[in-house]
Amino acid sequence: MTNELRAESLGRWAKRCGISYRTAWRWFRDHRLPEDVVAEQMPTGTILVRDRRVSTNSQQEKQAVIYARTNPHQDQSAMQEQIESCRSFCGARGWTVTQIVREIAPGVGPQRIKLARLIEQGAARLVIATPSVLSRFDFRLCEALWQRMGSELIVVDRSDEIAGAGGALEDLTDALNITCHRHYGPKRGNALVQMLNRVVHGTLSV
C-alpha cells in the first residue's frame with residue numbers, strides 16, 4: 001500500500017499547502033492546479049485531490065479511522081461497544097485514531113450516507129468491529145472496493161462471520177423496510193413494515 005495517490009479533500013489539501021480554500025477552489029475551477037496534482041468532483045459536490053508530490057511518512061502509516069454503525073432498532077450502547085473494541089485494537093498496534101464516524105442506519109440500502117462519504121474520501125485505514133458493520137450481505141465486495149482504492153480495511157472480530165452467528169432478524173427487517181417503502185410509499189409502507197415486524201418477531205399469528 002502507498003500513500004502517494006491517496007485522496008484528500010480540497011480543503012485539507014489547501015491547508016497542508018498553506019493556501020486558502022478559495023485559492024485552491026479557483027485553481028481547480030480554472031484548471032490551474034500544479035502538474036502533479038489531480039482533482040475530481042464527486043456527485044455529492046466534494047472535491048478530492050491526489051497529490052503525487054506527497055511522500056509516504058511513518059506518521060501517516062500509523063493513522064486509522066474508526067467506523068461504527070448500528071441499526072435504528074438496536075440498543076445504541078452497541079455503538080460505544082464497537083468504538084471501544086476498535087480503539088483498543090488500534091492502541092495495541094500503536095495506531096493513532098484520527099477520526100471516529102458514527103452512523104445509525106440499516107445494514108443494507110442507501111441510507112449509509114456517512115459510509116459513502118468515507119468511500120469518497122478514501123480513508124487510508126478503516127477499522128470496524130465486525131464485518132456486519134459494513135454489510136452482512138456483500139462484505140466481500142466491500143473488501144474488494146477498499147483494496148482497489150489502495151486502502152486497508154481492518155476487521156477486529158470476524159468470529160460472527162465464520163460462525164454465521166446472529167443478525168438474521170436484523171437483516172430481514174432491513175430488507176422488508178426498504179422493499180415496502182420503495183413499492184408502497186411511506187404511509188402504506190410503514191403500516192406494512194410494522195405488521196411484518198410483528199410476524200418476524202412472533203407476536204402476530206398468520
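A salt bridge here is a side-chain nitrogen of Lys or Arg within 4 Å of a carboxyl oxygen of Asp or Glu. The structure holds five of them. The model is predicted. The legends below start with the whole chain and then move to close-up views.

**Figure 1. The protein chain comprises eight helices and seven strands.** The chain has 206 residues, and 36% of them count as buried. Its accessible surface is about 12300 Å². Carbon and sulfur atoms supply 52% of that surface. Sequence-distant contacts are well represented: among contacts with a separation of 6 or more, 61% join residues 24 or more positions apart.

**Figure 2. E40 and R50 form a salt bridge between two strands.** The two side chains meet at 3.3 Å, N to O. E40 belongs to strand 2 (residues 37-41), and R50 belongs to strand 3. Ten residues separate the partners, so the pair links distant parts of the chain. Are these side chains buried or exposed? Neither word fits: E40 has 40% relative accessibility and therefore counts as partly exposed. R50 has 30% and also counts as partly exposed.

**Figure 3. R140 and E143 pair within helix 6.** Their closest N and O atoms are 3.0 Å apart in this salt bridge. Why is the spacing about one helical turn? The two residues are three apart in helix 6. R140 is exposed, because its relative accessible area is 55%. E143 is partly exposed, with a value of 21%. In general, side chains of opposite charge can pair when their charged atoms come close.

**Figure 4. E143 also forms a salt bridge with R158.** Here the N to O distance is 2.6 Å. R158 sits in the loop between strand 7 (152-155) and helix 7 (159-163), while E143 sits in helix 6, so the pair ties together parts 15 residues apart in sequence. R158 is partly exposed, at 27% relative accessible area. Through shared partners, salt bridges join R140, E143 and R158 into one network.

**Figure 5. Helix 5 packs its buried residues against strands and a helix.** Helix 5 covers residues 113-121. Which of its residues are buried? They are L115, L118 and E120. The buried residues of helix 5 pack against four strands: strand 3 (47-51), strand 4 (63-70), strand 5 (96-104) and strand 6 (125-128). Helix 6 (139-148) is a further packing partner. Just after helix 5 comes G122. The phi of G122 is positive, near 70°.

**Figure 6. A patch of positive charge gathers on the surface.** Which residues make up the patch? R87, R102, K114 and R117 come together here. R87 lies in helix 4, which covers residues 77-92. With 39% relative accessibility, R87 counts as partly exposed, because that category lies between the buried limit of under 20% and the exposed limit of over 50%.

Methods:
Residues numbered from 1 in each chain as written. Predicted model: local features only at pLDDT ≥ 70, side-chain atom pairs only at ≥ 80, totals over all residues. Heavy atoms only, no water. Patch = residues over 30% accessible without salt bridge, like charges linked within 9 Å, V, L, I, M, F, W, Y side chains within 5 Å. Areas by Shrake-Rupley, 256 points an atom, 1.4 Å probe, with all protein chains shown as cover. Lys, Arg positive; Asp, Glu negative; His and termini not counted. Charge placed at Lys NZ, Arg CZ, Asp CG, Glu CD. Buried < 20%, exposed > 50% of the residue type's maximum accessible area, 1.4 Å probe, protein only. Contact = heavy atoms within 4.5 Å.
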